[in-house]
Amino acid sequence: MDAGEPVCELPARLAERLRAVRSVGAITGAGVSAESGIRTYRGQGGIYDDPEDGERTVEALSGPTLLGDPDRTWRAVAALSGMAVHARPNPAHRALVEMERRAARFVLLTQNVDGLHQMAGSCNVIDIHGDVAVTECRGCGARGRIEREERAHLRAAPLCAACGSVLRPGVVLFGEMLPEDKVARLRAAFYEDPPDLVLVAGTTALFPYIAGPVQEARRRGRLTVEVNPEETVLCGTVDFSLRGPAGVWLPAIAKALP
Ligand SMILES: [Zn+2]
(Lines give C-alpha, C1' and ligand atoms only; values in the text may rest on other atoms or scores of the structure.)
Protein backbone atom coordinates (compact mmCIF):
# COMPACT_ATOMS: atom_id res chain seq x y z
CA MET A 1 0.00 0.00 0.00
CA ASP A 2 1.05 3.57 -0.60
CA ALA A 3 1.91 5.53 2.51
CA GLY A 4 -0.79 7.90 3.60
CA GLU A 5 -3.70 6.22 1.83
CA PRO A 6 -6.83 6.77 3.86
CA VAL A 7 -8.01 3.58 5.55
CA CYS A 8 -11.49 3.54 6.99
CA GLU A 9 -12.35 1.53 10.05
CA LEU A 10 -14.34 -1.58 9.19
CA PRO A 11 -17.31 -2.66 11.29
CA ALA A 12 -15.90 -4.87 14.08
CA ARG A 13 -18.09 -7.85 13.12
CA LEU A 14 -16.83 -7.67 9.54
CA ALA A 15 -13.18 -7.35 10.59
CA GLU A 16 -13.57 -10.44 12.74
CA ARG A 17 -15.08 -12.49 9.92
CA LEU A 18 -12.40 -11.34 7.46
CA ARG A 19 -9.72 -12.84 9.69
CA ALA A 20 -11.04 -16.33 8.82
CA VAL A 21 -11.13 -15.76 5.05
CA ARG A 22 -8.85 -18.01 2.99
CA SER A 23 -10.33 -17.55 -0.48
CA VAL A 24 -11.57 -14.39 -2.14
CA GLY A 25 -13.75 -13.78 -5.18
CA ALA A 26 -13.85 -10.11 -6.11
CA ILE A 27 -16.23 -8.57 -8.63
CA THR A 28 -15.60 -5.08 -10.02
CA GLY A 29 -17.35 -2.65 -12.31
CA ALA A 30 -17.08 0.82 -13.78
CA GLY A 31 -17.00 2.53 -10.37
CA VAL A 32 -13.52 1.17 -9.74
CA SER A 33 -12.27 2.56 -13.08
CA ALA A 34 -14.07 5.86 -12.40
CA GLU A 35 -11.77 6.38 -9.42
CA SER A 36 -8.91 6.37 -11.97
CA GLY A 37 -10.66 9.11 -13.93
CA ILE A 38 -12.32 6.88 -16.51
CA ARG A 39 -15.82 8.05 -17.34
CA THR A 40 -18.54 5.53 -16.48
CA TYR A 41 -20.81 4.05 -19.16
CA ARG A 42 -24.19 4.11 -17.46
CA GLY A 43 -25.96 6.51 -15.12
CA GLN A 44 -25.66 10.26 -14.78
CA GLY A 45 -22.71 11.52 -16.81
CA GLY A 46 -22.29 8.07 -18.35
CA ILE A 47 -21.07 7.74 -21.93
CA TYR A 48 -23.98 5.57 -23.11
CA ASP A 49 -26.57 7.73 -21.36
CA ASP A 50 -25.19 10.97 -22.79
CA PRO A 51 -28.22 12.85 -24.24
CA GLU A 52 -26.07 14.20 -27.10
CA ASP A 53 -24.46 11.09 -28.54
CA GLY A 54 -24.99 8.20 -26.14
CA GLU A 55 -27.24 6.27 -28.50
CA ARG A 56 -24.88 6.75 -31.42
CA THR A 57 -21.99 5.44 -29.30
CA VAL A 58 -23.97 2.35 -28.33
CA GLU A 59 -24.83 1.75 -31.99
CA ALA A 60 -21.20 2.19 -33.07
CA LEU A 61 -20.09 -0.32 -30.41
CA SER A 62 -22.49 -3.04 -31.56
CA GLY A 63 -21.96 -6.36 -33.32
CA PRO A 64 -23.96 -5.35 -36.43
CA THR A 65 -21.98 -2.11 -36.88
CA LEU A 66 -18.70 -3.99 -36.55
CA LEU A 67 -19.81 -6.25 -39.41
CA GLY A 68 -21.18 -3.50 -41.65
CA ASP A 69 -18.96 -0.51 -40.85
CA PRO A 70 -15.93 -1.56 -38.79
CA ASP A 71 -14.29 1.85 -39.25
CA ARG A 72 -17.17 3.39 -37.27
CA THR A 73 -16.75 0.88 -34.44
CA TRP A 74 -13.03 1.56 -34.26
CA ARG A 75 -13.54 5.34 -34.27
CA ALA A 76 -15.78 4.89 -31.21
CA VAL A 77 -13.12 2.68 -29.59
CA ALA A 78 -10.53 5.36 -30.38
CA ALA A 79 -12.68 8.08 -28.80
CA LEU A 80 -13.16 6.07 -25.59
CA SER A 81 -9.46 5.18 -25.49
CA GLY A 82 -8.56 8.83 -25.90
CA MET A 83 -10.50 9.69 -22.73
CA ALA A 84 -8.62 7.01 -20.76
CA VAL A 85 -5.14 7.41 -22.15
CA HIS A 86 -3.55 8.64 -18.93
CA ALA A 87 -5.56 6.50 -16.46
CA ARG A 88 -3.48 4.64 -13.89
CA PRO A 89 -4.43 2.00 -11.31
CA ASN A 90 -5.79 3.51 -8.09
CA PRO A 91 -5.74 2.28 -4.45
CA ALA A 92 -8.69 -0.06 -5.14
CA HIS A 93 -6.77 -1.84 -7.92
CA ARG A 94 -3.72 -2.13 -5.69
CA ALA A 95 -5.76 -3.45 -2.77
CA LEU A 96 -7.04 -6.27 -4.99
CA VAL A 97 -3.45 -7.18 -5.86
CA GLU A 98 -2.72 -7.31 -2.13
CA MET A 99 -5.75 -9.57 -1.57
CA GLU A 100 -4.51 -11.95 -4.27
CA ARG A 101 -1.12 -12.07 -2.53
CA ARG A 102 -2.69 -12.90 0.84
CA ALA A 103 -5.44 -15.32 -0.17
CA ALA A 104 -4.87 -19.02 -0.76
CA ARG A 105 -7.27 -18.78 -3.68
CA PHE A 106 -8.24 -15.58 -5.47
CA VAL A 107 -10.27 -14.72 -8.52
CA LEU A 108 -11.24 -11.33 -9.90
CA LEU A 109 -14.30 -11.04 -12.13
CA THR A 110 -14.34 -7.65 -13.80
CA GLN A 111 -16.70 -5.94 -16.21
CA ASN A 112 -14.03 -3.36 -17.00
CA VAL A 113 -12.26 -3.56 -20.36
CA ASP A 114 -9.51 -1.01 -19.61
CA GLY A 115 -6.88 -3.48 -18.40
CA LEU A 116 -6.15 -1.47 -15.21
CA HIS A 117 -6.43 -4.54 -12.95
CA GLN A 118 -3.80 -6.34 -15.03
CA MET A 119 -1.67 -3.18 -15.12
CA ALA A 120 -1.80 -3.03 -11.31
CA GLY A 121 -0.60 -6.65 -11.12
CA SER A 122 -3.73 -8.78 -10.65
CA CYS A 123 -3.12 -12.23 -12.18
CA ASN A 124 -6.24 -14.39 -11.98
CA VAL A 125 -8.63 -12.05 -13.80
CA ILE A 126 -11.80 -13.04 -15.65
CA ASP A 127 -12.43 -9.98 -17.83
CA ILE A 128 -15.92 -11.07 -18.76
CA HIS A 129 -16.45 -8.20 -21.24
CA GLY A 130 -12.95 -8.54 -22.68
CA ASP A 131 -9.95 -6.25 -22.96
CA VAL A 132 -10.06 -3.35 -25.39
CA ALA A 133 -6.28 -3.61 -25.98
CA VAL A 134 -6.67 -7.10 -27.45
CA THR A 135 -7.34 -7.53 -31.16
CA GLU A 136 -8.68 -10.56 -32.99
CA CYS A 137 -8.41 -11.02 -36.75
CA ARG A 138 -11.75 -11.70 -38.42
CA GLY A 139 -9.94 -13.56 -41.19
CA CYS A 140 -7.26 -15.81 -39.70
CA GLY A 141 -8.12 -15.48 -36.00
CA ALA A 142 -4.68 -14.15 -35.02
CA ARG A 143 -4.66 -12.28 -31.72
CA GLY A 144 -2.62 -9.19 -30.99
CA ARG A 145 -2.63 -5.98 -28.97
CA ILE A 146 -2.96 -2.29 -29.74
CA GLU A 147 -2.01 -0.19 -26.73
CA ARG A 148 -4.17 2.79 -25.82
CA GLU A 149 -1.90 5.60 -27.09
CA GLU A 150 -2.00 4.05 -30.57
CA ARG A 151 -5.66 3.03 -30.26
CA ALA A 152 -6.71 6.59 -29.39
CA HIS A 153 -5.41 7.79 -32.79
CA LEU A 154 -7.07 5.17 -34.99
CA ARG A 155 -9.28 6.70 -37.70
CA ALA A 156 -10.20 3.39 -39.38
CA ALA A 157 -10.29 -0.31 -38.60
CA PRO A 158 -6.76 -1.73 -38.24
CA LEU A 159 -5.80 -4.61 -40.51
CA CYS A 160 -4.14 -7.92 -39.73
CA ALA A 161 -0.39 -7.95 -40.42
CA ALA A 162 -0.57 -11.60 -41.42
CA CYS A 163 -3.60 -11.77 -43.75
CA GLY A 164 -4.81 -8.20 -44.31
CA SER A 165 -8.30 -8.81 -42.89
CA VAL A 166 -10.04 -6.37 -40.58
CA LEU A 167 -9.27 -6.76 -36.87
CA ARG A 168 -11.94 -6.61 -34.19
CA PRO A 169 -11.51 -5.26 -30.66
CA GLY A 170 -11.36 -8.06 -28.06
CA VAL A 171 -14.46 -6.88 -26.23
CA VAL A 172 -18.07 -8.01 -26.08
CA LEU A 173 -20.00 -5.53 -28.21
CA PHE A 174 -23.68 -4.72 -27.83
CA GLY A 175 -25.79 -7.54 -29.18
CA GLU A 176 -23.00 -10.11 -28.80
CA MET A 177 -22.83 -13.15 -26.52
CA LEU A 178 -20.44 -13.48 -23.59
CA PRO A 179 -17.42 -15.68 -24.44
CA GLU A 180 -18.11 -19.28 -23.44
CA ASP A 181 -14.66 -19.93 -21.99
CA LYS A 182 -14.98 -17.00 -19.59
CA VAL A 183 -18.50 -17.97 -18.55
CA ALA A 184 -17.15 -21.44 -17.77
CA ARG A 185 -14.35 -19.94 -15.66
CA LEU A 186 -16.89 -17.75 -13.83
CA ARG A 187 -19.05 -20.77 -13.05
CA ALA A 188 -16.11 -22.82 -11.82
CA ALA A 189 -14.82 -20.00 -9.63
CA PHE A 190 -18.08 -18.87 -8.05
CA TYR A 191 -20.50 -21.82 -8.19
CA GLU A 192 -18.55 -25.08 -7.78
CA ASP A 193 -16.97 -24.06 -4.48
CA PRO A 194 -17.75 -20.39 -3.78
CA PRO A 195 -14.93 -18.36 -2.19
CA ASP A 196 -15.09 -17.65 1.58
CA LEU A 197 -15.50 -13.96 0.72
CA VAL A 198 -17.36 -12.59 -2.27
CA LEU A 199 -16.66 -8.88 -2.56
CA VAL A 200 -18.44 -6.61 -5.04
CA ALA A 201 -17.08 -3.12 -5.72
CA GLY A 202 -18.09 -0.27 -7.99
CA THR A 203 -20.92 -2.00 -9.79
CA THR A 204 -24.66 -1.74 -9.56
CA ALA A 205 -24.76 -5.49 -10.41
CA LEU A 206 -27.52 -5.14 -12.98
CA PHE A 207 -26.42 -8.12 -15.05
CA PRO A 208 -27.60 -11.52 -13.79
CA TYR A 209 -24.11 -12.97 -14.28
CA ILE A 210 -22.79 -10.34 -11.85
CA ALA A 211 -25.53 -10.53 -9.23
CA GLY A 212 -25.76 -14.33 -9.50
CA PRO A 213 -22.38 -15.18 -7.90
CA VAL A 214 -23.22 -12.90 -4.95
CA GLN A 215 -26.60 -14.55 -4.41
CA GLU A 216 -25.02 -18.00 -4.70
CA ALA A 217 -22.35 -17.11 -2.12
CA ARG A 218 -24.99 -15.82 0.26
CA ARG A 219 -27.15 -18.91 -0.22
CA ARG A 220 -24.21 -21.13 0.69
CA GLY A 221 -23.24 -19.20 3.80
CA ARG A 222 -20.18 -17.37 2.46
CA LEU A 223 -19.34 -13.83 3.56
CA THR A 224 -20.65 -11.23 1.11
CA VAL A 225 -19.57 -7.59 1.10
CA GLU A 226 -20.53 -4.77 -1.22
CA VAL A 227 -18.66 -1.48 -1.65
CA ASN A 228 -20.35 1.35 -3.52
CA PRO A 229 -20.82 5.10 -3.01
CA GLU A 230 -24.56 4.66 -3.58
CA GLU A 231 -27.22 2.14 -2.72
CA THR A 232 -27.54 -0.72 -5.20
CA VAL A 233 -29.89 -3.63 -5.80
CA LEU A 234 -27.47 -5.77 -3.77
CA CYS A 235 -28.00 -3.91 -0.47
CA GLY A 236 -30.60 -6.37 0.74
CA THR A 237 -28.62 -9.39 -0.47
CA VAL A 238 -25.19 -8.94 1.12
CA ASP A 239 -23.98 -9.35 4.71
CA PHE A 240 -22.23 -5.97 4.71
CA SER A 241 -22.81 -2.88 2.56
CA LEU A 242 -20.02 -0.32 2.80
CA ARG A 243 -20.89 3.13 1.44
CA GLY A 244 -18.00 5.01 -0.12
CA PRO A 245 -15.23 4.79 -2.71
CA ALA A 246 -13.59 1.44 -3.44
CA GLY A 247 -10.24 3.18 -3.08
CA VAL A 248 -11.01 3.75 0.59
CA TRP A 249 -12.69 0.50 1.61
CA LEU A 250 -10.76 -2.09 -0.40
CA PRO A 251 -7.40 -1.25 1.21
CA ALA A 252 -9.06 -1.63 4.64
CA ILE A 253 -10.47 -5.04 3.65
CA ALA A 254 -7.11 -6.19 2.22
CA LYS A 255 -5.40 -5.24 5.47
CA ALA A 256 -7.92 -7.19 7.54
CA LEU A 257 -7.32 -10.47 5.67
CA PRO A 258 -5.03 -12.98 7.37
ZN1 LIG B 1 -5.45 -12.31 -40.05
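The following exchange takes up how the terms applied to this predicted model are justified.

User: What kind of model is this, and how are its residues numbered?

Analyst: The model is predicted, so local features need pLDDT of at least 70 and side-chain atom pairs count only at pLDDT 80 or more, while totals for chains, interfaces and linings use all residues. Residues are numbered from 1 along each chain as its sequence is written, and side-chain values use heavy atoms, without hydrogens and water.

User: What makes the radius of gyration of the protein chain agree with a compact globule?

Analyst: The rule is 2.2 Å times the number of residues to the power 0.38, with the radius taken over C-alpha atoms. For 258 residues a compact globule would have a radius near 18 Å; the protein chain has 19 Å, and therefore agrees.

User: How much of the protein chain is called buried?

Analyst: Buried means under 20% relative accessible area (1.4 Å probe, protein chains only). Of the 258 residues, 52% are buried.

User: Why is the set that includes Leu10 and Ile253 called a nonpolar core?

Analyst: A nonpolar core is a set of buried Ala, Val, Leu, Ile, Met, Phe, Trp, Tyr and Cys residues joined through side-chain atoms within 4.5 Å. The largest has 32 residues, and Leu10 and Ile253 are among those with the most contacts inside it. Helix H11 (246-256) is one of the elements supplying at least two residues; H11 gives the most, 7 residues.

User: Which residues does Ile253 contact, leaving aside neighbours within four places in sequence?

Analyst: With contact meaning heavy atoms within 4.5 Å, the partners of Ile253 include Leu18, Met99, Leu197 and Val225.

Note on methods:
Buried means under 20% relative accessible area, exposed over 50%, partly exposed in between (1.4 Å probe, protein chains only). Helices (H or I, at least four residues) and strands (E, at least two) are DSSP runs, numbered from the N terminus.
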